[in-house]
There are 6 protein chains.
Amino acid sequence: MFAVEVRDHVMIAHSFRGAIFGPAQALHGATLIVDAAFIAETLDANGLVIDIGKAHKSLEAVLAPLNYCNLDDLPGLKNTNTTTEFLSKHIFDQLAEAARAGSLGRDARGTVANLRPFQSSPRRR
Amino acid sequence: MFAVEVRDHVMIAHSFRGAIFGPAQALHGATLIVDAAFIAETLDANGLVIDIGKAHKSLEAVLAPLNYCNLDDLPGLKNTNTTTEFLSKHIFDQLAEAARAGSLGRDARGTVANLRPFQSSPRRR
Amino acid sequence: MFAVEVRDHVMIAHSFRGAIFGPAQALHGATLIVDAAFIAETLDANGLVIDIGKAHKSLEAVLAPLNYCNLDDLPGLKNTNTTTEFLSKHIFDQLAEAARAGSLGRDARGTVANLRPFQSSPRRR
Amino acid sequence: MFAVEVRDHVMIAHSFRGAIFGPAQALHGATLIVDAAFIAETLDANGLVIDIGKAHKSLEAVLAPLNYCNLDDLPGLKNTNTTTEFLSKHIFDQLAEAARAGSLGRDARGTVANLRPFQSSPRRR
Amino acid sequence: MFAVEVRDHVMIAHSFRGAIFGPAQALHGATLIVDAAFIAETLDANGLVIDIGKAHKSLEAVLAPLNYCNLDDLPGLKNTNTTTEFLSKHIFDQLAEAARAGSLGRDARGTVANLRPFQSSPRRR
Amino acid sequence: MFAVEVRDHVMIAHSFRGAIFGPAQALHGATLIVDAAFIAETLDANGLVIDIGKAHKSLEAVLAPLNYCNLDDLPGLKNTNTTTEFLSKHIFDQLAEAARAGSLGRDARGTVANLRPFQSSPRRR
């Protein structure tokens, strides 16, 4: 099994609802680092899992509607707690859809997109 | 010459004014990693530059009024472009004042606070 | 599947018995970085895997009896080779027990604790 | 399940054939960081997955024929696109063979070698 | 004093002449990570040291003639030991020239370019 | 001005005397990462600051008497608080002496050894 990873990041503002979030209930922000891994059982004729340039562009396209935004104002997200966990799935779903639509340059049936959780907290590094 | 560094971070929302900032003119956010170095020519009787626990607490105290905030709403900052460069100096000045006030636990005359610029962009790591 | 990771570290002294350990048979020490991942199939009503504050506290509580200790002197460990591998399992078992006891704040049946091996050797980073 | 990782690197020159590789069709080079993980279900009598010294030496031995080379000139590789993906498998196969031959110091039947893809691009770090 | 850093990398092939270089006398390659720091005594009217977008583009432009190349074949470098140290100065000189020519967007007299040595060896990280 | 850095680490046990050290007054341990930078105004005839192989060996030789030791038992250190700051100077002095004795392979008058403080706490990374 082979995996290729690409990394990008977004800078967003948002707030949370619920006492469990403590001070993060106020409007604040975060730099979210996104690592997306693309996985395949076999390499293609070029010896590649995927065209890494297309993978970078797909990830950039998925992140563009979030970058430099206040997520509390975005139509699809405004009534949601946009936790790191929620955003991981949101981005994963978009990448998987891009893969199915062929934007990753390889027959999507041989590729599975696997998005690792954001490293939202620099302390965890 | 000896240096001891402490690291902390803040999660803030803000926006910029000026065409040079492009999409960052919109309300967005950032996780800002702060490295503060304390420098001394000689070690004290314990073989230390500074009490690292007090250094951590001083940095935490300086960052607390910024953390989980929208900087555009803070009284002292609301009419300012809170760039990474500006915030570096803002935090440096507060730490230097804390040192002069003795909160770092050592005779402040023998210690110089030196704050490195934030690493605001994960791409730069 | 979702995962949230927390990181902490301990500073311990210990020694090993067995020729395979070479110079590490002498009393020496290590800073051990511990990454603990908590995994769930679904997010809870807040959009979270787990309360990350409680996860940090649970890990800190599990590590406290080891931190700043000579493991060769601890009642439960004194006749054991406290290798990184052994300590991984030791910490994993304690975290899993804490999860079952409910200290992670979520119904433990929906959560699995997965501890990655320590990164005990900075060369490996 | 337990895992122990070792890291090493090689500095190689190579070129690729195929329009998909763009400017990398020219003779260029790369520093390739190799992380190899060795996995076992149980610890041995010493509390170890594997003798980490032997693991380091095995990885070094597998990498030696590649290091400081132009891969385009190596007999076994000269007609191949030596992509990061291809080289991952090449190195994995050699390590697995070393494990079967007993060079990792533990009964190979209880150990599985798992090689993670190279991190060939510093941008991805 | 303020500093802003940008990072990029190049993937090059080259060889060295001189017994001191040992196996690196053969044609091999390297991924060279380049950190360039731009320094100023005061911030400009926008609260910036420099337009970070222009700094990224300047560094990219300086690196472009080296990237995906065999340095042994480049007209200006072919009779030179292109050590990491040599390349640091080569890139520094080009960046300083770009700054003097105004491509960094700020009055160059108020800015000093300072290039840190390459981190050519991943082991050193 | 040019700088070349080498990195190594030691695994030591020690204890501190003085209430300021809190729980670190007990016998514990640490993995200490050592970065040593060698600085020169000009490059030598090979385009180098220093023979990096010799620099690695010099650092390894300086660290060997500390590695896998309980510093509280070492003749020259047993009555000392072996803080990170103290050890930085201890190692710096040994490296400077090695440079003066010619073990770094270049005329020592043209080279200055500069040792950065240990990164003893993984949290600070």
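**Figure 1. Asp93(D) and its salt bridge to Lys89(D) in helix 2 of chain D.**
Asp93(D) is partly exposed, with a relative accessible area of 32%. (On this scale buried means under 20% relative accessible area, exposed means over 50% and partly exposed is what lies in between, using a 1.4 Å probe and protein chains only.) Its partner Lys89(D) is partly exposed too, at 41%. The two form a salt bridge whose closest N and O atoms sit 2.9 Å apart; the term calls for a side-chain nitrogen of Lys or Arg within 4 Å of a carboxyl oxygen of Asp or Glu. Both residues belong to helix 2 of chain D and are four residues apart, about one turn of the helix. Helices (H or I, at least four residues) and strands (E, at least two) are DSSP runs, numbered from the N terminus. A word on what you're looking at: this is a predicted model, where local features need pLDDT of at least 70 and side-chain atom pairs count only at pLDDT 80 or more, while totals for chains, interfaces and linings use all residues. Residues are numbered from 1 along each chain as its sequence is written, chains are lettered from A and ligands numbered from 1 in the order in which they are written, and side-chain values use heavy atoms, with hydrogens and water left out.

**Figure 2. Asp93(C) and Lys89(C) in helix 2 of chain C.**
Here's the pair in chain C: Asp93(C) forms a salt bridge with Lys89(C), and the closest N and O atoms are 2.9 Å apart. The two residues lie four apart in helix 2 (residues 84–100) of chain C, about one turn of the helix. Asp93(C) is partly exposed at a relative accessible area of 33%, and Lys89(C) is partly exposed at 42%. If you're keeping a tally, a search of the whole structure finds 12 salt bridges over all chains.

**Figure 3. A salt bridge between two strands of chain F, Asp35(F) to Arg7(F).**
The side chains of Asp35(F) and Arg7(F) meet in a salt bridge, at 2.7 Å from N to O. This one links distant parts of the chain: Asp35(F) is in strand 2 (residues 28–40) of chain F and Arg7(F) is in strand 1 of chain F, 28 residues apart. Are the two ends buried or exposed? Asp35(F) counts as buried, at 4% relative accessibility, and Arg7(F) also counts as buried, at 18%.

**Figure 4. The interface of chain F and chain E.**
15 residues of chain F are in contact with 10 residues of chain E, where contact means heavy atoms within 4.5 Å. The area buried between the two chains is about 1,100 Å², and carbon and sulfur atoms give 58% of that; buried area is the accessible area (1.4 Å probe) that two parts lose on being put together, summed over both. How many salt bridges are counted between chain F and chain E? Zero. The rule does find two residue pairs in polar contact across this interface, both at pLDDT 80 or more. (A polar contact is a pair of N or O atoms within 3.5 Å; within protein, one must be able to donate a hydrogen and the other to accept it, and residues adjacent in sequence count only if both atoms are side-chain atoms.) On the side of chain F that touches chain E, strand 1 (residues 2–14) of chain F supplies the largest share, six residues. By class, that side has nine nonpolar, two polar and four charged residues. Ala, Val, Leu, Ile, Met, Phe, Trp, Tyr, Cys and Pro count as nonpolar, Asp, Glu, Lys and Arg as charged, and the others, Gly among them, as polar.

**Figure 5. Chain F superposed on chain E.**
Rotate by 120 degrees, with 0.0 Å of shift along the axis, and chain F lands on chain E with an RMSD of 0.0 Å. The two copies are thus related as by a three-fold rotation axis. Their contact surfaces are different: 7% of the contact residues of chain F recur in chain E. The superposition is by least squares on the C-alpha atoms of residues with pLDDT of at least 70 in both copies.

**Figure 6. Tyr68 in chains A and D, with a positive phi.**
Most residues other than glycine have a negative phi. Tyr68(A) has a positive one, near 55 degrees, and for Tyr68(D) phi is near 60 degrees. Tyr68(A) is found in the loop between helix 1 (52–63) and helix 2 (84–100) of chain A. Tyr68(D) is in the loop between helix 1 (52–63) and helix 2 (84–100) of chain D. Tyr68(A) counts as partly exposed at 25% relative accessibility, and Tyr68(D) counts as partly exposed at 25%.

**Figure 7. The elements of chain A.**
Chain A has two helices and three strands, and from the N terminus on they run β-β-α-α-β. Of its 125 residues, 50% count as buried. Among contacts in chain A between residues at least 6 apart in sequence, 73% join residues at least 24 apart.
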